[in-house]
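User: I am new to this structure and would like a close look at one part of it. Please start with how far the model can be trusted.

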Amino acid sequence: MPFVLSVGVTGHRADVLGSTVAGLEPMLRGLLALIEETGAALLEREQACFAEAPLRRRFVSPIADGADQLAAEIALDLGWELQVVLPFERSRYRASLANAGARNQFDALIERATCVLELPGTEGRELDAYVMTGRATVAHCDILIAVWDGLPPRGRGGTGEVVHLALTRGTAIAHVPLEPSAPPRLLWAAFDPTVLTLADDPGVERPADRANLDIMVRGLLM
C-alpha cells in the first residue's frame, strides 16, 4: 500500500482571528512544508514497508471562514489533496458562513476537493453537528493543525474542544498560536513513555521542529 500522510485542521473563525490572520499564512505554509519533508524522509528510509509510489498528502478541513479556509488554500497551493468535512448539506453550511467572500471561497474549495463528506446535521441540533464535524476531522487525520488561542474549551463544538478531544485520543497536534511572536509547538500524548492526556502537562509539548516531527511521524508509523 502507498504511504499516505493525512493532516487535518481545526481553528477559529474569521471574527475571532481578526488582524492576526495576516501572520498565520507563512506559519501554516512553513509547518505544512516541514511535515511533508519529514514524511518524505521517513518514506525513503522505510520504503520496504510501502508500495513503490510517492508520498500521498491529504489535507482534511471543514473549510469554515477563517483558519479552515486559509489552511486549505495553502495545502492546495503546496500540492496536497483536499478532503472536506461538512456538518450539514453543503448549501445549508455555505449559508452559515460569515460573508460573501467566505462563501465564494467555499465554492472554490469545494470545486477543488477530491472528497466531500456531508454529515447529517439536522435543524435545531446544529451544535451537535459541529461537534461531530470536529470529531470526524480528528478521526480522518494523522496530525491535526490547531490554529488555537490556547484557552480551555468555552463551549461545545469549538476549537478548544476539538484540541482536547484530539489530545485525549492520542492524535498528534501541531499548535499554531494566534500571537505572531509565539512559535508553533507539537502536542502529543505519546511523547512521554507514560501516556498523558492533559494539554497543560509539560510532557505533551515539544518545539515544532524537524527532529521532533521526525519522532512524531515515526511513532505514528509504528
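What is the mean pLDDT of the chain? Then please look closely at helix α3 (residues 67–77) and its packing with helix α2, and go on from there.

Analyst: The mean pLDDT of the chain is 91, and 95% of its residues reach 70 or more. pLDDT is the predictor's confidence in each residue, on a scale from 0 to 100. This is a predicted model: local features need pLDDT of at least 70, side-chain atom pairs count only at 80 or more, and totals for chains, interfaces and linings use all residues. Residues are numbered from 1 along each chain as its sequence is written, and side-chain values use heavy atoms, leaving out hydrogens and water.

Confidence varies by element. Helices (H or I, at least four residues) and strands (E, at least two) are DSSP runs, numbered from the N terminus. Strand β3 (residues 81–86) has the highest mean pLDDT, 98. Helix α1 (residues 14–17) has the lowest, 84. Where pLDDT is low, the predicted coordinates should not be read in detail.

Now to α3. Nine of its 11 residues are buried, so the helix is mostly covered. Buried means under 20% relative accessible area, exposed means over 50%, and partly exposed lies in between (1.4 Å probe, protein chains only). Among the buried residues are Leu70, Ala71, Ile74 and Ala75.

Those four also take part in the packing with α2. The axes of α2 (residues 21–45) and α3 lie 10 Å apart, at an angle of about 40°. Axes are lines fitted to C-alpha atoms, for helices over the stretch in contact, and angles run from 0 to 180 degrees between N-to-C directions. The two helices are therefore oblique to each other. Under 35 degrees counts as roughly parallel, over 145 as roughly antiparallel, 65 to 115 as roughly perpendicular, and the rest as oblique. α2 passes α3 in a right-handed crossing: the near helix is turned clockwise from the far one, whereas an anticlockwise turn by less than a right angle would be left-handed. On the α2 side, the contact (heavy atoms within 4.5 Å) is made by Val21, Leu24, Glu25, Leu28, Arg29 and Leu32. Asp77 completes the α3 side.

The chain on either side of α3 has its own details. Ile63 sits in the loop between β2 (56–61) and α3. Ile63 has a positive phi of about 45°, although it is not a glycine. Ile63 counts as buried because its relative accessibility is 0%. Just after α3, Gly79 takes a positive phi of about 95°.

Pro62 leads on to another helix: it is one of the residues in contact with Thr133. Thr133 is found in helix α6 (residues 126–139). It is buried, with a relative accessible area of 5%. Beyond its neighbours within four places in sequence, Thr133 also contacts Val85, Leu86, Pro87 and Leu119. Leu119 is 14 residues from Thr133 in sequence, and their C-alpha atoms are 7.4 Å apart.

α6 has a helix partner too. α6 and α7 pack at about 40°, with their axes 10 Å apart. That makes α6 oblique to α7. α6 passes α7 in a right-handed crossing. Val131, Gly134, Arg135 and Val138 in α6 meet Glu161, Val162, Leu165 and Ala166 in α7.
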